[in-house]
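Colleague: Hi! Could you walk me through this one, starting with how its parts meet?

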Amino acid sequence: MAQSKPYYVTTPIYYVNARPHIGTAYTTIAADAVARFQRLLGREVFFATGTDEHAEKVERAAAERGLSVKEHTDEMADAYREAWARLGITYDDFIRTSEPRHHRATEEVFRRLRARGDIYKGEYEGWYCVSCATYWLESDLNDGRCPNPECGRPVERRRQPAYFFRASAYGERVAEYIESHPGFIRPEFRANEVLSFIRQGMRDVCISRPNSGWGVPVPDDPEHVVYVWFDALINYLTVVGFPDDMERFERYWPADVHFIGKDILTRFHGSLWPAMLMALELPLPRAIVAHGFWLMGKSKISKSAGGLVTPDELAAHLCQQTGMAEPVALDVVRYFLLRETPFGQDCNFSEEALRGRLNADLANDLGNLVNRSLPLIERHFQGQVPQGTLDGELAQAAERAASAARERYEQFDFRGALEATWELLGSANKFIDYTAPWQLAKEGRREELADALFSVAEVCRIACLLVYPVMPHAAGELRRQLGLPPRVKGTWDELCAPGAEGLAGASVRRGRPVFPRIERPVAVKEEEPMEQAQQPLISIDEFSKIDLRACTVLAVDKVPGADKLYALTVDLGTEQRTVVAGVAEEFSPEELLGKTLVLVANLKPAKIRGVTSQGMILAVGEDKPLGLVVVDRPVPPGSKVR
Ligand code: MSP
């Protein structure tokens with residue numbers, strides 16, 4: 001049987017003049033999510049990334065650091081490898097353009113195109129921007145400077161004998177190809193930008209520069225080295241075996257998708273690259289997906305932007321604010337980048353938005369679904385997911401979410417895939433609210449309780465699969481808490497089927513919440529000395545600052561070494577919290593379980609005997625609690641007390 005073609009996905013190869021930051025991480029994370037998703041579909045995947053090392057600015061950066069180019073590039077390539085490893089990037093090959101295999105590929109392409117007359121020697125006279133590695137015409141310049149809006153640096157006058165690629169001969173064919181292949185360039189509106197660039201008349205491209213000792217020497221004319229962009233694009237061929245192992249190459253080529261940023265689409269991936277492939281008589285990649293920029297204010301985030309601009313810095317910030325584990329923090333960054341903006345659009349980066357995504361989507365919607373159900377499973381089913389029947393509506397919601405998420409991932413619409421998943425989480429959270437399992441437990445309706453808890457656990461399992469391409473580590477951690485092996489084994493279709501992994505009977509392992517919230521920084525104000533002995537009156541505005549909420553007690557645990565204290569796990573509707581209450585001598589756990597109490601929900605968290613208490617329940621009595629403030633009718637947890 002003929003083996004199906006492996007799915008081949010690439011990132012741009014990154015310049016080694018700067019370390020990885022959010023912008024470069026964004027492309028890499030997107031490619032990784034697609035690679036993971038395709039593997040989950042059961043396909044063989046080849047995922048390539050690497051470094052682009054032959055730019056003149058790399059030579060200059062090395063010189064500025066007093067290092068040889070080799071020392072500098074080795075160090076930078078390692079920095080990329082390490083950053084990608086921490087971010088859980090599952091690349092199969094990391095190509096460096098300084099490697100001999102890539103020199104051979106570039107030489108081969110050069111020879112083939114020169115032999116057919118598509119490369120010729122002439123003289124280049126014009127301008128060059130070293131930073132953008134781009135040749136410009138006089139008429140392109142902006143007040144004598146580089147016309148790239150992100151750059152604007154002074155350009156250098158170049159007059160040199162040089163080699164040219166006859167791109168002009170392919171302009172019309174490239175344009176026709178783009179027009180007749182919707183989906184080749186994505187998003188669609190970007191295809192129009194490329195078309196209008198080509199239609200202005202595609203010019204031959206200067207593809208060499210004088211040999212300064214760094215780069216791929218032009219075959220048979222070593223006074224020149226190949227222009228960095230011409231050599232860089234060829235990496236996509238080298239990494240799958242061209243020209244050394246053509247059998248392998250033919251199995252992998254064409255690439256299924258090149259992920260890139262919008263800045264390197266029009267001149268390079270959307271026009272020059274298809275023209276080069278046409279001249280080589282090779283098929284074009286199936287899709288080129290260009291994303292927008294992450295901005296800070298008006299400018300593109302770069303390493304020089306300052307602030308928290310690398311995934312590691314952001315993750316360290318999250319860990320410090322919440323105590324979450326570092327691999328989870330990096331998953332939060334992955335989630336944020338892919339969820340926050342439609343792929344293709346620019347987006348302004350803000351810590352506020354990151355905090356919102358963590359607190360609302362991850363801690364409340366996803367984390368709490370697990371946190372709300374595990375204590376109940378522990379308490380009522382000895383910690384084993386009960387055998388039950390999956391609720392019909394939830395089963396349908398899960399099927400809808402799985403099929404929508406699959407379709408969205410296939411279209412590289414990460415935000416859409418995550419939104420579909422969050423609809424399912426919303427349904428499951430509502431399901432808990434209206435089935436009120438704690439009430440079922442109290443009334444001894446064990447069968448219904450088993451159905452409800454099984455249903456929620458099963459939805460958690462499916463949601464973990466749907467988010468796995470984006471948050472592999474956190475999904476594994478949630479699976480572990482559900483009593484499943486952290487690693488996903490099986491294919492998307494098999495695993496998304498209800499009951500697929502035989503969750504009933506699994507021993508849940510409740511641990512610390514996977515996604516702790518970032519509490520809003522609260523300004524601490526020194527208390528003013530009270531002048532009057534009398535209790536001062538407060539205004540209604542002051543009173544309304546106290547956020548009182550109805551909360552249902554899900555679990556009651558003793559605080560080790562403190563006879564008077566319980567650690568209560570309470571349900572607030574949208575989230576679950578731990579609250580320490582000094583009522584253990586007066587109330588048994590049974591008296592508290594399932595009760596709806598009143599919680600001061602916006603009290604600054606405090607650590608009491610090693611347990612972080614997120615709020616305070618209201619009790620009556622001066623020294624000892626004589627009674628608890630209880631809500632006398634069933635109300636949804638989280639309801640405001642006014
Ligand atoms: N070396 C070339 C690519 C050659 S591919 C054959 C290059 N390298 S780069 O390191 O400058 O940029 C790599 C990618 O990172 C580009 O696609 C670029 O768009 C992306 N980003 C860099 N900063 C960015 C943001 N602030 N936001 C989003 N992506 C941006 O170009």
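Modeller: Happy to! Between domain 1 and domain 2 there are 6 residue pairs in polar contact, both residues at pLDDT 80 or more. A polar contact is a pair of N or O atoms within 3.5 Å; within protein, one must be able to donate a hydrogen and the other to accept it, and residues adjacent in sequence count only if both atoms are side-chain atoms. This is a predicted model: local features need pLDDT of at least 70, side-chain atom pairs count only at pLDDT 80 or more, and totals for chains, interfaces and linings use all residues. Residues are numbered from 1 along each chain as its sequence is written, and side-chain values use heavy atoms, without hydrogens and water.

Colleague: Which element gives the most to the side of domain 1 that touches domain 2?

Modeller: That is α12, with 7 residues. Helices are DSSP runs of H or I, at least four residues, numbered from the N terminus.

Colleague: And how many salt bridges are there across the interface?

Modeller: The rule finds 1 between domain 1 and domain 2. It needs a side-chain nitrogen of Lys or Arg within 4 Å of a carboxyl oxygen of Asp or Glu. Asp571 and Arg372 form a salt bridge through their side chains, at 2.7 Å from N to O.

Colleague: Where do the domains start and end?

Modeller: Domain 1 covers 299–496 and domain 2 covers 540–628, with bounds from an automatic or database domain assignment. Their C-alpha centres are 27 Å apart.

Colleague: New topic: why is α11 largely enclosed?

Modeller: Because 13 of its 15 residues are buried, meaning under 20% relative accessible area with a 1.4 Å probe, protein chains only.

How values were computed:
Buried means under 20% relative accessible area, exposed over 50%, partly exposed in between (1.4 Å probe, protein chains only). Helices (H or I, at least four residues) and strands (E, at least two) are DSSP runs, numbered from the N terminus.
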